[in-house]
Amino acid sequence: MLKLDLHLHSEYSGDGMGSPEEIIKILKKKGLDGMAITDHNNIEGSLKAIKIAPKDFIVIPGIEISTSNGHIIALNVREAIQRELSVEETVDKILDLGGIPIVPHLYRNMSGINKDNLMKIRSKVSVIEVFNSCSVPLTNLKITKLAKELKLGGTGGSDSHNPKYVGCGYTTIDTTDFNVGTIISEIYKKKTWGEGETLPLSYRRDRMLYSIKQYFQRGFKRI
C-alpha cells in the first residue's frame, strides 16, 4: 500500500511557501511514499521536485488550474494549461496532454466547481477528491457519498500551503510499484481513495482570511 499526498502547494504558488526540497524531506519523515505538487497555475515547482526527488520517493507532475468555474487538478502533465477556460475545455486540454483530471474540494466557495459543473464532465473524469485536509469533515463526507453514488474513484490531499502540514491528507493506492505510470493507471481505473486528518481550525481560519485578503488585492479576482 502506497500513500501519496496528491494535492499540496509550494513556494511556486502565489499563496504558498516551502521549497520542493523541504516538502519532500517532511513527507518522507512522515512516512509517505510520494506526492504531486499542484501549485496554482504554475508547473515549475512540480518539475523541480521531479529532478531532485530520491529514487525511493514518487513525484507525479501536477498543477491546479483555475477554470472559469473553479479549480481542476491535472496530474501527469508537464506544461501549464491556460487558466479561465471552462471546466469542459480545461478537462479536454488535460486529456489531450495525456493527463488525468481530478476535481478537488467540490463544494468549496469561490474555488470548487460545484456539482452542476461536475456533471458536465462526469464522463471524462475517473476520480474526485474525497478527502481534503482543509475542508471540514462534513464536506468530505458529503463528497465521499457523491463519489460512491456516481461510481467514481477518490483521491486525498492535504491542500497545504505550509510545509508543516503536508501529508495530513493522502491518497491510498493498493500497490508497491513506484512507477508513475502504474499509479496513474490505478487512479484512472478508480482503484484509489482518500484519507487523512483535518488541519487545525486555527490554520484553516487563517487560510480563509488570507485568501479573502488576496482576493481583494487582486481586484476581486479568484486565484
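A residue counts as buried when its relative accessible area is under 20%. That cut-off is applied here to a predicted model.

Start with strand β5, residues 70-75. Six of its six residues are buried, so β5 is largely enclosed by the rest of the structure.

Now look at the partners of β5. Strand β4 covers residues 62-67 and runs antiparallel to β5. Six bridges join β4 and β5. One point to find in this pairing is Ser66, which stands opposite His71 of β5. The link from β4 to β5 is a hairpin, made through two residues.

Strand β6, residues 100-103, also pairs with β5. The sense is again antiparallel, and the pairing has three bridges. Here Ala74 has Pro101 of β6 as its bridge partner. β5 thus has pairings with both β4 and β6. In a regular strand, side chains alternate between the two faces of the sheet.

Turn next to the cysteines. How many disulfides does a search of the whole structure find? The search finds zero. Cys134 is in no disulfide, and its nearest cysteine sulfur belongs to Cys168, 9.1 Å away. Cys168 is likewise in no disulfide, with the sulfur of Cys134 as its nearest. A disulfide needs the two sulfur atoms within 2.5 Å, so the 9.1 Å between Cys134 and Cys168 rules out a disulfide between them.

Are these two cysteines buried or exposed? Cys134 has a relative accessible area of 18%, so it is buried. Cys168 has 11% and is therefore buried too. Both values fall under the 20% cut-off.

Notes:
Residues numbered from 1 in each chain as written. Predicted model: local features only at pLDDT ≥ 70, side-chain atom pairs only at ≥ 80, totals over all residues. Heavy atoms only, no water. Buried < 20%, exposed > 50% of the residue type's maximum accessible area, 1.4 Å probe, protein only. Helix = DSSP H or I, 4+ residues; strand = E, 2+ residues; numbered from the N terminus. Pairing = 2+ DSSP bridges.
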